[in-house]
Amino acid sequence: MTDSLSQLPNRRALHRNIAATATTGHEMAVALIDLDGFKTVNDLYGHGVGDRLIKEVALTLRRLCGNDAAAYRLGGDEFAVSMVGPLAGTLLEGICRGLLETLSQPVALDDRRIPIGASVGLARCMTGGTLESSELLRRADVAMYVSKRDGKMRCTWFKDEFDRSLEAMRDLDNELRAALLNEEFRVHYQPLVDARTHRVVAVESLLRWQRPDGRDVGPNVFIPVAEESGLINAIGLWVLRRACTDALPWGIQLSINISAAQLRNPEFPFQLGQVLEETGFPPERLELEITETCLVLDPVVAERSLDLVRGLGVDVVLDDFGTGYASIGFLRQFRFEKLKLDRSLVVDSAVDESLRAMMLSSISMARALKMRVTAEGVETEAQAAMVRSAGCDHIQGWLFFAPMPADDIPQHLAPALLEKDTAKAEPGRKVA
């Protein structure tokens, strides 16, 4: 009934205690707590430090629960807290928020300060109701994953619509697997132009999915589902191979978006190298676009992956700059070769002087760090003139080109670029 590491009651004890109190008719609430970033702690400092961190979190939970609630360790980096009685749900939420407040500061272990977070899911059985312990825990587990999906370090109460959403996600996941198998995905490309000459110098690959019934499903809908299920790794690999094959004869830069899940996959850099070898695509012509979120979630793992990517000769681009919280230290740490100014920053700078000053300072900072700069989402001549005078190297937007199929790209390229790559490269050989 007791977890040997933390000395807290274990999962078996939790089920027993819920079953014992279910017949009382009192309100009962359960919180499921999953530590954020615990795997990184084990990877960086070893399992000995990880075990000590588990013990420290257990002590914190005991202190917060006092005599009013019971804390449990369910295994790994997963804990639970249960409470019975009037206002049990309200009081339990207060305990969980106290834990999040405590974990907002790094945990001190000897001379180390270990950053760790938590995602919390809560479920309850109201007075007079009955729920099996397994169902109560399942609901808390579903709510906990909603907390993780919505940004971590938060508490979420279970709602019935979570189950409906979960069922819809499972259906979409099954459809995505069929789409990959049946080759329903397409890659379109949006050209980027030189800010001075308006000559096409690069393309960004954009994934499209048209279902058999003819309905288009946007990436904003299916990419989060693919990331949650892990299918994003297979889809991302397919996009890499397709885009490198399409863009090989074009003689210009190719940009491909990489998700956080791909970056956390330790096999990704090696898969990338294999795709480059198979297609013969020159690594110096490839750019991987990554958002701040990808890097903030697991900065240590991300930095390792990016070091391997750069070792292949591939550039790394920070996408959507201006929407997050990247600092100069952040930019120096990850050594991006290019910044892409987010569309919102470009559009709003045209009417807001403070945002225009922010855009100008961002470009100056990028220059100081020897980064190239692309302005995306440019839709008017006035916006194009503004980012050009501000010092952007490249411009991307509907003013110049909308995304288009691969077959439409060659007609927009300078003849010299196409002539340079008329001969298909042999697998494993770089194009001159």
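This section describes the overall build of the chain, the meeting of its two domains, its salt bridges and a few individual residues.

The model is predicted. Its chain has 432 residues, of which 49% count as buried, and the secondary structure comes to 17 helices and 17 strands. Along the principal axes, the C-alpha trace spans about 80 × 50 × 45 Å. Contacts that reach across the sequence are well represented: among those between residues at least 6 apart, 69% join residues at least 24 apart.

The chain is divided into two parts, with domain 1 covering residues 11-158 and domain 2 covering residues 171-412. Five residues of domain 1 and six residues of domain 2 take part in the contact between them. The C-alpha centres of domain 1 and domain 2 are 38 Å apart. The size of an interface is often expressed as the accessible area lost when the parts come together. For domain 1 and domain 2, the buried area is about 410 Å², and carbon and sulfur atoms give 55% of it. Helix H2 (residues 38-45) supplies three residues, the largest share of the side of domain 1 that touches domain 2. By class, that side of domain 1 has two nonpolar, one polar and two charged residues. Despite the charged residues there, zero salt bridges are found across the interface of domain 1 and domain 2. The count of residue pairs in polar contact between the two domains is likewise zero, with both residues required to be at pLDDT 80 or more.

A look at Val-301 adds some detail. This residue sits in helix H12 (residues 299-311). Beyond its neighbours up to four places away in sequence, Val-301 touches Thr-40, Leu-263 and Arg-264. The C-alpha atoms of Val-301 and Asn-265 are 8.9 Å apart in space, with their positions 36 residues apart in sequence.

Salt bridges come next. Side chains of opposite charge can pair when their charged atoms come close. The structure holds 22 salt bridges. One of them joins Arg-52 to Asp-110, with the closest N and O atoms 2.7 Å apart. Arg-52 belongs to helix H3 (residues 47-65) and Asp-110 to the loop between strand E4 (107-109) and strand E5 (112-114), so this pair ties together parts that are 58 residues apart in sequence. The two partners differ in their surroundings: Arg-52 is partly exposed, at 35% relative accessibility, whereas Asp-110 is exposed, with a relative accessible area of 63%.

Another salt bridge forms between Arg-211 and Glu-175, where the closest N and O atoms are 2.6 Å apart. Because Arg-211 lies in the loop between strand E9 (200-210) and strand E10 (216-217) while Glu-175 lies in helix H6, the pair ties together parts that are 36 residues apart in sequence. Arg-211 is buried, at a relative accessible area of 16%, and Glu-175 is partly exposed, at 31%.

In a further example, the side chains of Lys-340 and Glu-204 meet in a salt bridge at 3.0 Å, N to O. This pair links distant parts of the chain, namely strand E14 (residues 338-341), which holds Lys-340, and strand E9, which holds Glu-204, 136 residues apart. Both Lys-340 and Glu-204 are buried. They also belong to a network of salt bridges that links Glu-204, Glu-289, Lys-340 and Glu-376.

Two other buried residues show what surrounds a side chain inside the fold. Ala-123, in strand E6 (residues 117-125), has a relative accessible area of 3%, under the 20% limit, and therefore counts as buried. Not counting residues up to four places away in sequence, Ala-123 touches Met-28, Ala-29, Val-30, Leu-136, Arg-139, Ala-140, Trp-157 and Phe-158. Ser-362 is found in helix H15 (residues 353-368) and is buried, with a relative accessible area of 6%. Its contacts, leaving aside neighbours within four places in sequence, are with Phe-321, Leu-339 and Leu-341.

The backbone offers two last points of interest. Most residues other than glycine have a negative phi. Leu-87, however, has a positive phi, near 60°, and Glu-183 has a positive phi near 55°. Leu-87 lies in the loop between strand E3 (78-84) and helix H4 (88-103) and is exposed, at 57% relative accessibility. Glu-183 is placed in the loop between helix H6 (160-181) and strand E8 (185-194), and is exposed too, with a relative accessible area of 56%.

Conventions: Residues are numbered from 1 along each chain as its sequence is written. This is a predicted model: local features need pLDDT of at least 70, side-chain atom pairs count only at pLDDT 80 or more; totals for chains, interfaces and linings use all residues. Side-chain values use heavy atoms; hydrogens and water are left out. Domain bounds come from an automatic or database domain assignment. Contact means heavy atoms within 4.5 Å. Buried area is the accessible area (1.4 Å probe) that two parts lose on being put together, summed over both. A salt bridge is a side-chain nitrogen of Lys or Arg within 4 Å of a carboxyl oxygen of Asp or Glu. A polar contact is a pair of N or O atoms within 3.5 Å; within protein, one must be able to donate a hydrogen and the other to accept it, and residues adjacent in sequence count only if both atoms are side-chain atoms. Helices (H or I, at least four residues) and strands (E, at least two) are DSSP runs, numbered from the N terminus. Ala, Val, Leu, Ile, Met, Phe, Trp, Tyr, Cys and Pro count as nonpolar, Asp, Glu, Lys and Arg as charged, and the others, Gly among them, as polar. Buried means under 20% relative accessible area, exposed over 50%, partly exposed in between (1.4 Å probe, protein chains only).
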